[in-house]
Amino acid sequence: MSTDIKSSEWNSLVADKKLVAADFWAPWCPYCMRLKPIFESVAKDYQDIKFVKVNVADEQDIAAKYGILGIPVVKFFCEGKEVGEVIGYVPEDVLRKEVEDIAKSAPNCLANTSLRK
């Protein structure tokens, strides 16, 4: 299950050795609302990856730090570094494949997931 993250939690969250998937969204964004159940469904299947939500209306500093100009955007982080992103609304199979591909391309964080090979 994903959680809404506050600015005060952000740095320690993304510095973790777990892969982090962050959904940048806002409650007034229709495509964000369409992506929400997909993001939640994928989060349930990859419980060893941290799935979080960043409400850009409330956490403008985080959005500005990563140059978020349009939403939804899902960004992936490993040990404090951005390792990938998905821009816009995507169907569940596309998001699922991106999560798997990005996890496999982030070897330090991959060791901490069930996707390790």
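The side chains of Lys-6 and Glu-59 meet in a salt bridge, with 3.8 Å from N to O. Lys-6 belongs to the loop between strand 1 and helix 1, and Glu-59 to the loop between strand 3 and helix 3, so the pair ties together parts that are 53 residues apart in sequence. The model in which this pair appears is a predicted one. Its 117 residues, of which 49% count as buried, form five helices and five strands.

**Salt bridges and polar contacts**

- The two partners of the opening pair differ in their surroundings: Lys-6 is partly exposed, with a relative accessible area of 41%, whereas Glu-59 is buried, at 8%.
- Across the whole structure, a search finds eight salt bridges, and the pair of Lys-6 and Glu-59 is one such bridge.
- Another salt bridge brings together the side chains of Glu-79 and Lys-17, at 3.3 Å from N to O. This pair also links distant parts of the chain, since Glu-79 is in the loop between strand 4 and strand 5 and Lys-17 is in the loop between helix 1 and strand 2, 62 residues apart.
- Glu-79 has a relative accessible area of 28% and is therefore partly exposed.
- Lys-75 forms a salt bridge with Glu-82, and the closest N and O atoms of the two are 2.9 Å apart. Lys-75 counts as buried, at 5% relative accessibility, while Glu-82 counts as partly exposed, at 36%.
- Asp-45, Glu-92 and Arg-96 are joined into one network by salt bridges that share partners.

**Arg-96 in helix 4**

- Within that network, Arg-96 has its place in helix 4. Its relative accessible area is 18%, so Arg-96 is buried.
- A polar contact of 2.7 Å connects the side chain of Arg-96 with the side chain of Asp-45.
- When residues up to four places away in sequence are not counted, Arg-96 touches Ser-41, Val-42, Asp-45 and Tyr-46.

**Sheet and helices**

- From the N terminus on, the elements follow the pattern β-α-β-α-β-α-β-β-α-α.
- The five strands form an open sheet with mixed pairing, arranged in the order 1-3-2-4-5. Strand 1 (3–4) and strand 5 (81–87) are the edge strands, each pairing on one side only.
- In general, the strands of a sheet pair through backbone hydrogen bonds, in either a parallel or an antiparallel manner.
- Strand 2 (residues 20–25) pairs with strand 3 (residues 50–55) in the parallel sense, over six bridges. Phe-24 stands opposite Val-54 in strand 3.
- Helix 1 (residues 7–14) lies across strand 1, strand 2, strand 3 and strand 4 (73–78), and runs at about 150° to strand 2.
- Helix 4 (residues 92–105) lies across strand 3, strand 4 and strand 5, and runs at about 165° to strand 5.

**Nonpolar cores**

- The largest nonpolar core has 21 residues, among which Trp-10, Phe-24, Ile-68 and Ile-71 touch the most other members.
- Helix 1, strand 2, strand 3, helix 3 (60–65) and strand 4 are the elements that give two or more residues to this core. Strand 2 gives the most, with four residues.
- A second, separate core holds 20 residues, including Ile-49, Phe-51, Val-86 and Leu-95.
- Ile-68 is in contact with Phe-24, Val-56, Ala-63, Val-73 and Lys-75, leaving aside its neighbours within four places in sequence.

**Val-56 and contacts along the chain**

- Val-56, one of the contacts of Ile-68, lies in the loop between strand 3 and helix 3. Because the relative accessibility of Val-56 is 14%, below the 20% limit, this residue counts as buried.
- Leaving aside neighbours within four places in sequence, Val-56 is in contact with Phe-24, Trp-25, Ala-26, Ala-63, Ile-68 and Ile-71.
- Val-56 and Asp-23 are 33 residues apart along the chain, and their C-alpha atoms are separated by 9.7 Å.
- For the protein as a whole, 70% of the contacts between residues at least 6 apart in sequence join residues at least 24 apart.

Notes
Residues are numbered from 1 along each chain as its sequence is written. This is a predicted model: local features need pLDDT of at least 70, side-chain atom pairs count only at pLDDT 80 or more; totals for chains, interfaces and linings use all residues. Side-chain values use heavy atoms; hydrogens and water are left out. Two strands pair if DSSP finds at least two bridges between them. Contact means heavy atoms within 4.5 Å. Axes are lines fitted to C-alpha atoms, for helices over the stretch in contact, and angles run from 0 to 180 degrees between N-to-C directions. A nonpolar core is a set of buried Ala, Val, Leu, Ile, Met, Phe, Trp, Tyr and Cys residues joined through side-chain atoms within 4.5 Å. Buried means under 20% relative accessible area, exposed over 50%, partly exposed in between (1.4 Å probe, protein chains only). A polar contact is a pair of N or O atoms within 3.5 Å; within protein, one must be able to donate a hydrogen and the other to accept it, and residues adjacent in sequence count only if both atoms are side-chain atoms. A salt bridge is a side-chain nitrogen of Lys or Arg within 4 Å of a carboxyl oxygen of Asp or Glu.
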